[in-house]
Amino acid sequence: MTEQLREEKRKIEELHEVASEMEACTSKDEVYRLGVDAAEGILEFDICGIDMEENGYLVPKASSSEMPNDGYDALEADKGLAGRTFQNGESFLIQDVRTMDEAEPVQEQYRSILSVPVGDYGVFQAGSRKAEAFDEDDLELAELLMSHVTEVISRIDSQSALRESEEKYRTLVEGSHDAIFIHSGTEFQFVNDRVSEMTGYSEEELLGMPVWNVVHEEDRDRVQSLIERREQEGETPHYQLRIRTKEGEVRYVELSVQAISYDGEKAHLGSARDVTERRKRKQKVERQNERLKEFASVVSHDLRNPLNVAQGHLELARETGEQRHFEKTGSALGRMESLIEDLLKLARQGQDVSETESVGLETVVRRAWSTVSTGTSTLDVADDLGEVEADDGRLQELFENLFRNAVEHAGDDVTISVGRLSDGGTRCSEPEIEESEPETDAPPVEFGETGFYVADDGPGIPVGEREKVFEHGHTTADDGSGLGLSIVSSIVDAHGWTVRVCEGEAGGARFEISTV
């Protein structure tokens, strides 16, 4: 091996060592400095520098120690030999720059120039005061060195862009109103703050926790089937489901999930939004729409009938003067007044309960009894009814309507009993009536021991009628409005309770209200 080949081999090995050192750099300025130092120390270029393109100019970034004190200024990126190198991505070896127009402007003392592109980023140039100071080997070694510089600069740019992208993504995710999470397999790998707020678990508790732990136990099979079917069909799954928070509260969420790559492995990115309040508002609107229909029915039919009766008897009274026609007119007007009063109550009770307090049941029961025309009826209140979390005024109206219903159907001498479900004797064996039909994706109603009952010793309600008693307009009394028990159902519904009716111990009707 000749001395020239050994020297070239040494330089290549040393350049590779410099490349390894560059890999540890975290800033571009470090890379520029190492590149120029290698050109000066290993390639033995006395005067050299690296210029990088910025806003249409090639701006000096690093230069050799032998560079004249006045150095050189930024040059337009399309001017001179440096501009030609940068624009074309082509290396040049100029043995005498004084013969090359493209080399302008140059300092007069330079005779030969070696110009190499630094990728798409800039230009490396070496100069000499002597003509023919560089050869093809010098050019190849300079290109090798600049390839190392280009590779590291590209890596730093990519990492910087990635960090910026990650920061933007994290800012977007953390600032999102939606709960955003990533799970690999079945475990959470990433969660934003909204996931913690929605589930009640801290970020530390969620990370590594199986996703299914927060999905409502009765929705897991359905959701799993949806995921499998939609992934097979190539669709992004969108669905509603229930979650159970750390405190055991059930919340409704809308969820979308799509497959992604996370840390080099298949994962799923999910976005969830709590729609519990929106669901409540929708149900409230549906209830209000239903009551609008009820009001229209009362106005168009129930109120019109007694109005027609009153008008007819009033006309007869004018013609005949008989007292009985005035009495019929007064009775019809009284019927209308009763209907209007019930109608207003129904409208009022259709509103959701916004504020509740702990109220003593016995106090409310006796106050309600005192406001109802009960004749010679008897009220039997069990000892220690306890308290219930409720709207005091609406709870009183619930009892008023149940008492009035018992008197209307069982007579003035009925005995009405009020007690707790936990010690009320015979219980309704099956929940024959509930305040509303649960939606298909809602949990089944569990009728617990917490609550109260109102029972009477009247004729009771036939089994075939028990499913209808809470319907608007349903009544078996000649002068009944059919709204009393509908109002009861509305109050129960507004509190989130359930109500059912069956036969009591004394053979009459027994209404059970579960408050859980």
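Analyst: Let's start with one term: a residue counts as buried when its relative accessible area is under 20%, as exposed when that area is over 50%, and as partly exposed in between. Cysteine 48, at a relative accessible area of 1%, is therefore buried. One caution before we go on: this is a predicted model.

User: Is cysteine 25 buried or exposed?

Analyst: Cysteine 25 has a relative accessible area of 5%, so it is buried as well.

User: With cysteines on the table, how many disulfides does the structure hold?

Analyst: General idea first: a disulfide is a covalent bond that joins the sulfur atoms of two cysteines. In this structure there are zero disulfides.

User: Let me zoom out. How many helices and strands are there in the protein, and what share of the residues is buried?

Analyst: The protein has 13 helices and 18 strands. Of its 516 residues, 44% are buried. Here's a number for the contact map too: among contacts with a separation of 6 or more, 61% join residues 24 or more positions apart.

User: Which residues touch the most other members in the largest nonpolar core?

Analyst: A nonpolar core is a set of buried residues of nine types, from Ala to Cys, joined through side-chain atoms. The largest one here has 37 residues, and Leu395, Phe399 and Phe403 touch the most other members. Helix H12, residues 392–410, is the top contributor with seven residues. A separate core of 33 residues includes Phe45, Met52, Phe134 and Ile156.

User: Take leucine 395, then. What is it in contact with, leaving aside neighbours within four places in sequence?

Analyst: Leucine 395 contacts Val359, Leu361, Val364, Val388, Ala390, Phe452 and Trp497.

User: How do I read a pair of aromatic rings?

Analyst: You describe such a pair by the distance of the centres and the angle of the planes. The count here comes to seven aromatic pairs. In one of them, tryptophan 369 and phenylalanine 403 have ring centres 5.3 Å apart and planes at 75 degrees, so the pair is edge-to-face; the cut-off for that label is over 60 degrees. Tryptophan 369 belongs to helix H11 (residues 361–371) and phenylalanine 403 to helix H12, and the pair links distant parts of the chain, 34 residues apart. Both tryptophan 369 and phenylalanine 403 are buried.

User: Which residues form the aromatic cluster?

Analyst: Trp369, Phe399, Phe403, Phe452 and Trp497 form one cluster.

User: Rings can also have a charge over them. Where does the charged end of arginine 279 sit?

Analyst: It sits over the ring of tyrosine 252, 3.8 Å from the centre of that ring. There is also arginine 510, which lies over the face of tyrosine 453 at 4.0 Å from the ring centre.

User: Back to H11. Which of its residues are buried?

Analyst: The general picture helps here: an α-helix has 3.6 residues a turn, so residues three or four places apart point the same way. In H11 the buried residues are Leu361, Val364, Val365, Ala368 and Trp369. They cover an arc of only 135 degrees around the axis, so they sit on the same side of H11. Thr363 and Ser370, on the other side of H11, are exposed.

User: And what do the buried residues of H11 pack against?

Analyst: Their partners are H12 and the strands E12 (357–360), E13 (378–381), E14 (387–390), E15 (415–420) and E16 (451–456).

User: Now backbone angles. What is phi of asparagine 55?

Analyst: Phi of asparagine 55 is near 55 degrees, a positive value in a residue other than glycine. Asparagine 55 is in the loop between strand E1 (47–54) and strand E2 (57–63), and its relative accessible area of 76% makes it exposed. Glutamate 132 also has a positive phi, near 55 degrees. Its loop lies between strand E6 (122–128) and helix H4 (136–174), and at 62% relative accessible area glutamate 132 is exposed.

User: Last one: where is valine 211 found, and which residues does it touch beyond four places in sequence?

Analyst: Valine 211 is in the loop between helix H6 (203–206) and helix H7 (220–232). With 14% relative accessibility, valine 211 counts as buried. Its contacts there are His183, Thr186, Glu187 and Phe188. The C-alpha atoms of valine 211 and glutamine 189 are separated by 9.9 Å, with their positions 22 residues apart along the chain.

How values were computed: Residues are numbered from 1 along each chain as its sequence is written. This is a predicted model: local features need pLDDT of at least 70, side-chain atom pairs count only at pLDDT 80 or more; totals for chains, interfaces and linings use all residues. Side-chain values use heavy atoms; hydrogens and water are left out. A nonpolar core is a set of buried Ala, Val, Leu, Ile, Met, Phe, Trp, Tyr and Cys residues joined through side-chain atoms within 4.5 Å. Buried means under 20% relative accessible area, exposed over 50%, partly exposed in between (1.4 Å probe, protein chains only). Helices (H or I, at least four residues) and strands (E, at least two) are DSSP runs, numbered from the N terminus. Contact means heavy atoms within 4.5 Å. Rings of Phe, Tyr and Trp (its six-membered ring) pair if their centres lie within 6.5 Å; planes under 30 degrees apart count as stacked, over 60 as edge-to-face and the rest as tilted. A charge sits over a ring if NZ of Lys or CZ of Arg is within 6 Å of the ring centre and within 35 degrees of the ring normal. A disulfide is a pair of cysteine sulfur atoms within 2.5 Å. The arc is that of the directions from the helix axis to the C-beta atoms.
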